[in-house]
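Welcome, and thanks for taking a look at this one with me. Please have the view open and turn it as you read.

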Amino acid sequence: MPSLARKGRGAVTNPGVRYESAHAELYDDGWGTLDTDFAALPPLATTLTQDHARSALSWNDSPDLGFDRSLNPYRGCEHGCVYCYARPAHAYVGMSPGLDFETKLMFKPNLPELLEKELSKRGYEAKPVALGANTDPYQPVERTLGITQRVLEVLERFGHPVTIVTKGALVLRDLDILKRLAARNLVHVCVSVTTLDMKLARVMEPRAANPLKRLAAVTELAKAGVPVGVLAAPMIPGLNDMEMERILEASASAGASHAGYVLLRLPLEIKEMFEAWLREHHPDRAARVLALVRETRGGRLYDARFGQRQTGSGPYAELLAQRFRLALRRYGLDGRKTMRGSLDCSQFQAPKAPARQMELL
């Protein structure tokens, strides 16, 4: 099967939707059509479709996550990270987790208004909400749509705590809001840094901010008094895991106060997509990387069990965890320097509705 690799895009395949009974396959009609150089085709444009959500908050009870609610302004992500665990969710709306995920985006223009209504409901109990737990809230389209910014404004008015994970340097656009939230202990930001290798970053996460810009964002956030950490994720055995200590050292130098890591996750279609990407861009090490991934997943490419999904198991995974713990102590990234404990949920209060004229009589 020829590669569908396009300049500026991460996936090199576009698998069918798993919920549909019919699937298309490439077929050679005798005219050499399968020999077409897909890489020479024009770059794929990004298309946007409105997603009029019925609710703002998404809820979960996963023991692997440190939050029970999240906000996602976008479906799909233009960053194009080939390993993204959120890709299979695109099948829920009838689109492929492959190139569709990074080129056919859906946005929720009414998310801030929905959020305000839900936070105003009687009996709502405030706990930290994760912004962009599924796809990045600061992906390129946010620059013009500004949904994430409007969501932060709502959260600030309500005094609601929020955590943010992003690869986008665009987070600095909202520095004024984040500074005000930080002064009230209502925000934590975590910047994801996968690699310091510019060449690897360009093909693995093609439209995300480059690693140096992400570290620069960490510095600016820290200078502004915004609690900021770094997520070294995902760690891919045999591809970027040897960079873990360098990533954490650079993050500490940039001003990060804490750090985390996640082992590569390959749920559903991501397994085949990631293998195709490896063989396209790193054919010399593809077999080795896949063998190491299986070593950390009980002989499979993925283990979805709670408690195993984030860190894996076996000697290689245990060694990675040990290296991470040692690096945290070595570079002072255990959070003791600047972290101020958990976010403050006590400030939450729904703004009073404007008085109606009849109430004055």
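The points below walk through some of the strands in this predicted model.

1. Let's begin with a small sheet. Three strands make it up, in the order 1-5-4; the sheet is open and its pairing is mixed. Strand 1 (47-50) and strand 4 (74-75) are the edge strands, each with a single partner, so one side of each has no neighbour in the sheet.

2. Now zoom in on one pairing there. Strand 4 runs antiparallel to strand 5 (residues 104-107), and two bridges join them. If you would like a residue to click on, try Arg75, which sits opposite Met106 of strand 5.

3. A word of background may help here. Backbone hydrogen bonds are what pair the strands of a sheet, in either a parallel or an antiparallel sense.

4. Next, please find strand 9 (residues 228-235). How many of its eight residues are buried? Eight of the eight are, so strand 9 is largely enclosed by the rest of the structure.

5. What does strand 9 pair with? Strand 8 (residues 187-192) pairs with strand 9 in the parallel sense over four bridges. Strand 10 (residues 258-263) also pairs with strand 9, in the parallel sense and over five bridges.

6. Val230 is a handy residue for seeing both pairings. Val230, in strand 9, is the bridge partner of Val191, and Val230 also has Ala259 in strand 10 as a bridge partner.

7. Finally, follow the chain onward from strand 9. Together with helix 8 (residues 244-254) and strand 10, strand 9 forms a β-α-β unit that is right-handed.

Definitions and conventions:
Residues are numbered from 1 along each chain as its sequence is written. This is a predicted model: local features need pLDDT of at least 70, side-chain atom pairs count only at pLDDT 80 or more; totals for chains, interfaces and linings use all residues. Side-chain values use heavy atoms; hydrogens and water are left out. Two strands pair if DSSP finds at least two bridges between them. Buried means under 20% relative accessible area, exposed over 50%, partly exposed in between (1.4 Å probe, protein chains only). A crossover is right-handed if, with the strands pointing away from the viewer, the path from the first strand over the helix to the second runs clockwise.
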